[in-house]
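This report covers one pair of helices and one strand with its neighbours. The sequence and structure are shown first.

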Amino acid sequence: MKNNHYNMKIEKICDICSCLTKILEHGFDLSLQGANSRSDTPEFYNWHMHKFWELKIHYPENPDQKYHLTIVPPGVIHCMTKREMTLDITHHCITVTGEKNIWQIFPDNDPDKNRNLLPELLHLITRYSDIPDYASLCIELTAGMLKNLQLLIKNNIDSPKPARPPRDIVTHALNYMNNCYFKVDLSISEIASFLGITPQYLNKIIHRATGKTTRKNLMEIRLKHARELLENTNYLVKEVATLTGWRSQFYFSNVFRAAYGVSPNEIAGNIKNNLTVIVPTADAKGESRNAFNCP
């Protein structure tokens, strides 16, 4: 059982700042997630990759231990692990995922006041992390990154901008799907439970806002990520299917062809920027043809 002093619940955005303060005061260890590394946990599952930086924060089991931070660089295949908080980091948006909530910080709302140095600091940390003489420097750079994040959050709280994207339930739902699309067992019930609503109500508001069912929105998110991997990497089709949450390569190929008019095999390993997207046909009830719907 984790010590309650360190197992801090993140329920409000200001709790993130408090958590970062505890990390800085108590101390932390740092590790870099390498390609296909399983070193940070014995329970590995849901392998995936993304184009942004990811920072995983693990709480100590007892007062004698430090917090543990894991940095995942863009483009590195890694697995979901048990962690208390995760940060997805780009210059334009920082997404913080806690146990039951997701927050987004938009530094671009006030670029003169908010200097988001996180991507640059993460790049420096990973560049020198494998050099023993620079170990203490990497810790100092990481501490500076956490302080920069605290400042961005504080400015986000103190000076909210009306132009900031809305934080409604639909936005939360789509954010959750974008963060968890690679989970093979991701269900509507799980998304609804995370949001504290029923699956029926989730389907209703998603369809009202997007004109599509929740399943179709999730499928399109998976297809978008799969297409990016096929066009820009050398992964096999079956690997792309696994990395983007599909149970069956055959089913993935059928859905991909229905959406884009070509099979995954036709573009695997090649960059083709002029793919024509074919919108699935609809029947008299307005539903997409079966190939584009989850079974």
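Two strands count as paired if DSSP finds at least two bridges between them. The model described here is predicted.

**Strand β3 and its partners**

Strand β3 covers residues 53–58 and pairs with two strands, as the table sets out.

| Strand paired with β3 | Residues | Sense | Bridges | One facing pair |
|---|---|---|---|---|
| β4 | 67–72 | antiparallel | five | Ile57 and Leu69 |
| β6 | 85–89 | antiparallel | five | Glu54 and Asp88 |

In β4, Leu69 is the bridge partner of Ile57, while in β6 Asp88 stands opposite Glu54. The strand β3 is mostly covered, with six of its six residues buried. Trp53, Leu55 and Ile57 point one way from β3, and Glu54, Lys56 and His58 point the other way.

**Helices α7 and α9**

Helix α7 spans residues 214–232 and helix α9 spans residues 249–260. Their axes come within 11 Å and cross at roughly 90°, which means that α7 is roughly perpendicular to α9. On the α7 side, the contact is made by Met219, Leu223, Lys224, Ala226, Arg227 and Leu230. On the α9 side, Tyr251, Phe252, Val255, Phe256, Ala259 and Tyr260 take part. By class, this contact of α7 with α9 has 10 nonpolar, no polar and two charged residues.

Is Glu220, a residue of α7, buried or partly exposed? Glu220 has a relative accessible area of 25%, so it is partly exposed. The C-alpha atoms of Glu220 and Phe256 are separated by 9.5 Å, and the two residues are 36 residues apart along the chain.

Note on methods
Residues numbered from 1 in each chain as written. Predicted model: local features only at pLDDT ≥ 70, side-chain atom pairs only at ≥ 80, totals over all residues. Heavy atoms only, no water. Axes fitted to C-alpha atoms, helices over the stretch in contact; angles between N-to-C directions. Helix = DSSP H or I, 4+ residues; strand = E, 2+ residues; numbered from the N terminus. Parallel < 35°, antiparallel > 145°, perpendicular 65-115°, else oblique. Contact = heavy atoms within 4.5 Å. Nonpolar A, V, L, I, M, F, W, Y, C, P; charged D, E, K, R; others polar. Buried < 20%, exposed > 50% of the residue type's maximum accessible area, 1.4 Å probe, protein only.
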